[in-house]
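Here's a quick tour for anyone opening this one for the first time. Take a look at the fold, then read on.

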Amino acid sequence: PAPVSESLGKLGARIRQARIEAGLSQAQLGQPHFTRAYVSALELGKIRPAMKSLEFLASKLGKPTAYFLEDGEEARKRKERELAVVRASQLIAEGSASAAIDALRAIQSDDIPLAERLAIKKVLGRAFLEAGEMGKAVATLTETLRGYESLKDQENVARTQGLLGGALAGLMDYTEAEAHLESALRATVEGVVRDPLFRVHVLHNLGVVLYERAAYQAALEHFERAATEGADVGDPKWLASLYAAIGMSRREVGDYEGAVSSLYKSEALFESIHNRSRAAEIKFQAARTVRALGNHAKANEVLLDALDAAAKAGNEALAVRIEAFRGLCRAEEGYQAEALAILEPLLHRAKATCNDRARFVADFTYAKVLAAMDPARAADLLKEIAKDLEAKGALPDLAQVYDELGKALSRQGLSEEGVVYAQRAYTTSLSAKKGGS
C-alpha cells in the first residue's frame, strides 16, 4: 500500500487507459505474474509498483515504461514527436524526402529515450536514402544500427540493415550492401521480422545489387520472385519501384518491348502517388529503352520530357545523368563537338550535387566521348576515375572504365597496355557478377 498521491493516480489512470486500448482484462494484463486484484489496485492508485513490475506491464501493453511515468507536458511532446515522424514518413512516400529531412531535424531528440531517438534516426536515414544523399544515409543508419544492437532489438536491427543495404548500394559498395541485405532476409526466414512487405523490399534491393553487378538475369529472377511473393501487398510505391526494376532488367536481357511495358506501368504508379522525382527517373529509363528499340526520334522526345520532369522535381543529380545520356547519344550520331558542348558543363554540376552516381556518370561519359577526339587526355581522365572506383570496390563500373581505357590506349598506338586493360575489364566483370572483390 502507498499513501494517496496525485502521481500514483495518474499512473493508475494511464495503465487503465492503455489496458482498455489494448483490449485486455485486468486478469489478462497481470498474467502470469500478478493477480487481477493487484492490477486493480494499481489502476486505483492504491499501490506503487516496483520498476520491474511496471516494465513487465508496459511490455504487455506495447508501451515504453516512460509512457507511464512522464507528466502531461512530456506526453504532449512525445505525441508531437510521433506525429512528426508519421508525417515525415508520408512525405517520403510522396517523394518529398527533403521536406521530411527538415521536419525530422527540427525534432529535439537529445533528452528523449534511446529507443524513440533511434526510431527518429531510422526514418531520417530512410529520408536521406530517398533524397539520394547516400553518404548521410549510410552514416545515420550505421549509427542507428549500432544503437539497436546495443538494445538487442533484433527486429529493428534487421529493419535497419534492410535500409542500410540500399544506401550502401547507392554508394556502389555492393559487397557490404549484399551482406546487410542477406542478413535482413535471413531475419524474415527465421521469424525475427514477420512482415511480408519488408521481405519483398529486401528481395527487391538484393535484385538491385545484382543488377548493378551486371548479373541482369539473376536480378530479374529476384525481382520476379518479389513480385510473386508481394502480389497481395498493395503498396503502390513498392509496385512502382518493382515494375521499374523489372523493366530495366528486361531491357538488359534484350526484352525491349516487355521493358517498355513495365516502365510505363511504373511511371503511372509514381505519378499516382505524386512522386515526381521517381516518375522523372522512369521517363529517363523509358527513353533509353525506346532508343534501344531503334526509335531515336521518339527516344529524344521522351528524354527531353524526362529532363523537364527532373527539373520540376528539383532532382539535379538525375538531370545531370539525363544530360549525360543526351550527350552520349549525340556522339553516337556523329556529333562529337556538340556532345562535348553538352557534357563539359556537367562536370561541375555533377560535383556540386555531392551525388557519387551523378559524378561518375558525368565524368565517365565525358571521357568516353572525348576519347574519339583526344585519346591521350581521355586516358588520363579514365585512369583517375578508375583509381577512385578501385578504392570503392565498385566493380561493374570499374569494368566499364577499364574497357574504355583499353580502347583509348589502343587509339594512341599503345596496344600492349590497351590489351592489359581489356583483360582487366574482362576479369573485373566476372568478379562483379560473382560478387567477389
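What follows goes from the whole chain down to a few helices and one residue.

## The big picture

First things first: this is a predicted model. The protein is built from 23 helices and zero strands. Its C-alpha atoms fill a box of roughly 95 × 40 × 40 Å along the principal axes.

How much of the protein is tucked away? Of its 437 residues, 46% count as buried. If you take the contacts between residues at least 6 apart in sequence, 56% of them link residues at least 24 apart.

## Helix H12 and its surroundings

Helix H12 runs over residues 196–212. With 17 residues at 1.5 Å each, H12 should span 24 Å, and its end C-alpha atoms sit 25 Å apart, so the two agree. The buried residues here include Phe198, Arg199, Val200, Leu203 and Val209. What do the buried residues of H12 pack against? They rest on H10, helix H11 (174–189), H13 and H14.

Let's pick out one of those partners. H10 covers residues 154–170, and it packs on H12 at an angle of about 25 degrees, with the axes 10 Å apart. An angle under 35 degrees counts as roughly parallel, so that is the label for H10 and H12. The crossing of H10 past H12 is left-handed. On the H10 side, the residues that meet H12 are Ala158, Arg159, Gly162 and Ala169; on the H12 side they are Phe198, Asn205 and Val209. Sorted by class, this contact has four nonpolar residues, two polar ones and one charged one.

## Glu229, at the end of H13

Helix H13 spans residues 216–229, and Glu229 belongs to it. Is Glu229 buried or exposed? Neither label quite fits: Glu229 has a relative accessible area of 36%, which makes it partly exposed.

Glu229 also ties back to H12. Setting aside neighbours within four places in sequence, Glu229 is in contact with Arg199, Val200 and Leu203, and those three are among the buried residues of H12. Take Arg199: it is 30 residues from Glu229 along the sequence, yet their C-alpha atoms are 8.8 Å apart in space.

## Helix H14, mostly covered

H14 takes in residues 236–252, 17 residues that should span 24 Å at 1.5 Å a residue; its end C-alpha atoms are 24 Å apart, so expectation and model agree. Of those 17 residues, 12 are buried, leaving H14 mostly covered. Among the buried ones are Trp238, Leu242, Ile246 and Met248, along with Lys237 and Arg251. After H14 comes Gly254, which has a positive phi, near 95 degrees.

## H20 and H21, side by side in opposite directions

Further along the chain, there's another pair of helices: H20 (residues 356–370) and H21 (residues 375–392). Their axes come within 8 Å and cross at roughly 155 degrees. Anything over 145 degrees counts as roughly antiparallel, and H20 and H21 therefore get that description. Their crossing is left-handed.

Which residues meet here? H20 brings Asp356, Phe360, Asp363, Phe364, Tyr366, Ala367 and Leu370. H21 answers with Pro375, Arg377, Ala378, Leu381, Leu382, Ile385, Leu389 and Lys392. By class, that contact has 11 nonpolar residues, no polar ones and four charged ones.

Notes:
Residues are numbered from 1 along each chain as its sequence is written. This is a predicted model: local features need pLDDT of at least 70, side-chain atom pairs count only at pLDDT 80 or more; totals for chains, interfaces and linings use all residues. Side-chain values use heavy atoms; hydrogens and water are left out. Helices (H or I, at least four residues) and strands (E, at least two) are DSSP runs, numbered from the N terminus. The expected span of a helix is 1.5 Å times one less than its number of residues. Buried means under 20% relative accessible area, exposed over 50%, partly exposed in between (1.4 Å probe, protein chains only). Axes are lines fitted to C-alpha atoms, for helices over the stretch in contact, and angles run from 0 to 180 degrees between N-to-C directions. Angles under 35 degrees count as roughly parallel, over 145 as roughly antiparallel, 65 to 115 as roughly perpendicular and the rest as oblique. A crossing is left-handed if the near helix is turned anticlockwise from the far one by less than a right angle, and right-handed if clockwise. Contact means heavy atoms within 4.5 Å. Ala, Val, Leu, Ile, Met, Phe, Trp, Tyr, Cys and Pro count as nonpolar, Asp, Glu, Lys and Arg as charged, and the others, Gly among them, as polar.
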